[in-house]
Amino acid sequence: MRAMPVPPEPRSVTVTVTHVAVLDALHALGLIEWVRQPERRSQQLSSPDSAFYREPIEVAQFTPAGRTALDRLVRLEDAPDWSQLAGAPYR
C-alpha cells in the first residue's frame, strides 16, 4: 500500500509597508494608483475555505504620468550633475 502524499504546510507571510507616507504622496501627485493584485492561476483554483488561500491585496501601480516621471528620472540619472539633481525638490 502506498502512503498518501502529505500536503505542504501553508506559509505564513507578513506583508509590511514601511514607506506609507511616500506612497501616499505619490498617490496624491497622481503618479501611482491602487489596484487589486493579479491572481495567479494557482490562486484561482483555491477556495477561501482552503488553508492555502490568500486574499488578494491592493498594490501600487504607476499611472501613465508616474511612468513618464520615472522614465524622466532614469534618464536624468545618467546626467553628469545627477548628485545635485538628486537632492533637489522634485518638479
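Among the contacts in the protein with a separation of 6 or more, 51% are accounted for by residues that lie 24 or more positions apart in the sequence. These contacts belong to a predicted model, in which the protein contains four helices and two strands, and the order of these elements, read from the N terminus on, is α-β-α-β-α-α. Of the 91 residues of the protein, 8% count as buried, and the protein exposes about 8,300 Å², of which carbon and sulfur atoms supply 58%.

The confidence of the prediction varies along the chain. The average pLDDT of the protein is 76, and 63% of the residues score at least 70. Among the helices and strands, the highest mean, 91, belongs to helix H3, which covers residues 64-77, whereas the lowest, 58, belongs to helix H2, which covers residues 41-44. Over residues 10-15 the pLDDT stays under 50, and for this stretch the model has four contacts beyond four places in sequence. Where pLDDT is low, the predicted coordinates should not be read in detail.

Two residues may serve to illustrate the arrangement in and beside helix H3. Thr-63 is found in the loop that lies between strand S2, formed by residues 58-62, and helix H3. Because its relative accessibility is 12%, Thr-63 counts as buried, the cut-off for this class being under 20% relative accessible area. When residues up to four places away in sequence are not counted, Thr-63 touches Gly-30, Leu-31, Ile-32 and Glu-33.

Leu-73, by contrast in its setting, has its place in helix H3 itself. With a relative accessible area of 32%, Leu-73 is partly exposed, since that class lies between the limit for buried residues, under 20%, and the limit for exposed residues, over 50%. Once its neighbours within four places in sequence are left aside, Leu-73 is in contact with Trp-82 and Tyr-90. For the pair formed by Leu-73 and Tyr-90, the separation is 17 residues in sequence, while in space the distance from C-alpha to C-alpha is 9.8 Å.

Conventions:
Residues are numbered from 1 along each chain as its sequence is written. This is a predicted model: local features need pLDDT of at least 70, side-chain atom pairs count only at pLDDT 80 or more; totals for chains, interfaces and linings use all residues. Side-chain values use heavy atoms; hydrogens and water are left out. Buried means under 20% relative accessible area, exposed over 50%, partly exposed in between (1.4 Å probe, protein chains only). Contact means heavy atoms within 4.5 Å. Accessible areas come from the Shrake-Rupley method with a 1.4 Å probe; for residues, only the protein chains shown count as cover. pLDDT is the predictor's confidence in each residue, from 0 to 100.
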